[in-house]
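Here is a walk through one protein model, written for someone who would rather look at side chains than read a methods section. Keep the viewer open and follow along.

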Amino acid sequence: MAALGLVGCVVAPVPPAQYGYGAPAYDVVNVPPPAPQYEVVGVAPYPGAIWISGYWGWVSGRYVWNRGYWHAPRPGYHWVPHRWVPQGGGWRAQGGRWERR
């Protein structure tokens, strides 16, 4: 019986927050972002791991903290962190991204 209850059930991983893989899903926000939250970085889980800092995202009309995480390095690239830039009386997000060195 328990097996029948699982018919049509799909288990899928939760996609990561927007860490440089596409533009943020919002345009200009009229509220300035809060100061970054303090994060305990700790020891890298493996040699060469790169810390991707957390950032404030905009979800459903409010800022939501997206915590940082460790990422494998990309040879020939460096990480440019997410940031908010003033624009037209508001704030526009520029998502984090890998840039060629």
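## Long-range contacts and overall layout

Of the contacts in the protein with a separation of 6 or more, 52% are between residues 24 or more positions apart. Bear in mind that this is a predicted model. The protein has one helix and nine strands, and along the sequence they run in the pattern α-β-β-β-β-β-β-β-β-β. Of its 101 residues, 28% count as buried.

## Strands and how they pair

Let's start with the open sheet. Three strands make it up, in the order E1-E8-E7, with antiparallel pairing. Strand E1 (28–29) and E7 stand at the edges with a single partner strand each, so one side of each has no neighbour in the sheet. E7 pairs with strand E8 (residues 90–94) in the antiparallel sense, over five bridges. If you want a spot to click on, Gln 87 has Gly 90 in E8 as its bridge partner.

Now for another antiparallel pair: strand E3 (residues 55–59) and E4, again joined over five bridges. Val 59 stands opposite Arg 62 in E4. The two strands E3 and E4 form a hairpin with two residues between them. Ser 60, in the turn, has a positive phi of about 50°. When you look along these strands, a general point helps: in a regular strand the side chains alternate between the two faces of the sheet.

How enclosed is E3 by the rest of the structure? Four of its five residues are buried, so E3 is largely enclosed.

## The aromatic cluster and the core

The model has five aromatic pairs. One of them is Trp 58 with Tyr 63, an edge-to-face pair. Tyr 63 also pairs with Trp 84: the planes of these two rings are at 80°, so this pair is edge-to-face as well. Here are the two pairs side by side.

| Ring pair | Centre to centre | Angle between planes |
|---|---|---|
| Trp 58 and Tyr 63 | 4.8 Å | 80° |
| Tyr 63 and Trp 84 | 5.3 Å | 80° |

The second pair links distant parts of the chain, with Tyr 63 in strand E4 (residues 62–66) and Trp 84 in strand E7 (residues 83–87), 21 residues apart. Taken together, ring pairs link Trp 58, Tyr 63 and Trp 84 into a cluster.

Are Tyr 63 and Trp 84 buried or exposed? Tyr 63 is buried, with a relative accessible area of 11%, and Trp 84 is buried too, at 12%. The cut-off for buried is under 20%, so both values fall on the buried side.

The three cluster members turn up again in the largest nonpolar core, which has seven residues: Val 29, Trp 56, Trp 58, Tyr 63, Trp 65, Trp 84 and Ala 93. E3 and E4 are the elements that give two or more residues to this core.

## Trp 56 and its neighbours

Trp 56 is a good residue to zoom in on. Not counting residues up to four places away in sequence, Trp 56 touches Pro 34, Ala 35, Pro 36, Gln 37, Tyr 63, Val 64, Trp 65, Asn 66, His 82 and Trp 84.

Pro 36 makes an interesting partner here. Pro 36 is found in the loop between E1 and strand E2 (50–52). Pro 36 and Trp 56 are 20 residues apart in sequence, and their C-alpha atoms are 7.2 Å apart in space. Leaving aside its neighbours within four places in sequence, Pro 36 is in contact with Trp 56 and Trp 65. Pro 36 is nevertheless exposed, with a relative accessible area of 65%.

## Charged side chains

How many salt bridges does a search of the whole structure find? It finds one. The side chains of Glu 99 and Arg 97 meet there, at 3.0 Å from N to O. As a general matter, side chains of opposite charge can pair when their charged atoms come close. Glu 99 counts as partly exposed at 29% relative accessibility, and Arg 97 also counts as partly exposed, at 31%.

Another arginine sits over a ring: Arg 74 lies over the face of Tyr 77, at 4.5 Å from the ring centre.

Terms used
Residues numbered from 1 in each chain as written. Predicted model: local features only at pLDDT ≥ 70, side-chain atom pairs only at ≥ 80, totals over all residues. Heavy atoms only, no water. Phe/Tyr/Trp six-rings, centres within 6.5 Å; stacked < 30°, edge-to-face > 60°. Buried < 20%, exposed > 50% of the residue type's maximum accessible area, 1.4 Å probe, protein only. Lys NZ or Arg CZ within 6 Å of the ring centre and 35° of its normal. Pairing = 2+ DSSP bridges. Salt bridge = Lys/Arg side-chain N within 4 Å of Asp/Glu carboxyl O. Core = buried A, V, L, I, M, F, W, Y, C linked by side-chain atoms within 4.5 Å. Contact = heavy atoms within 4.5 Å.
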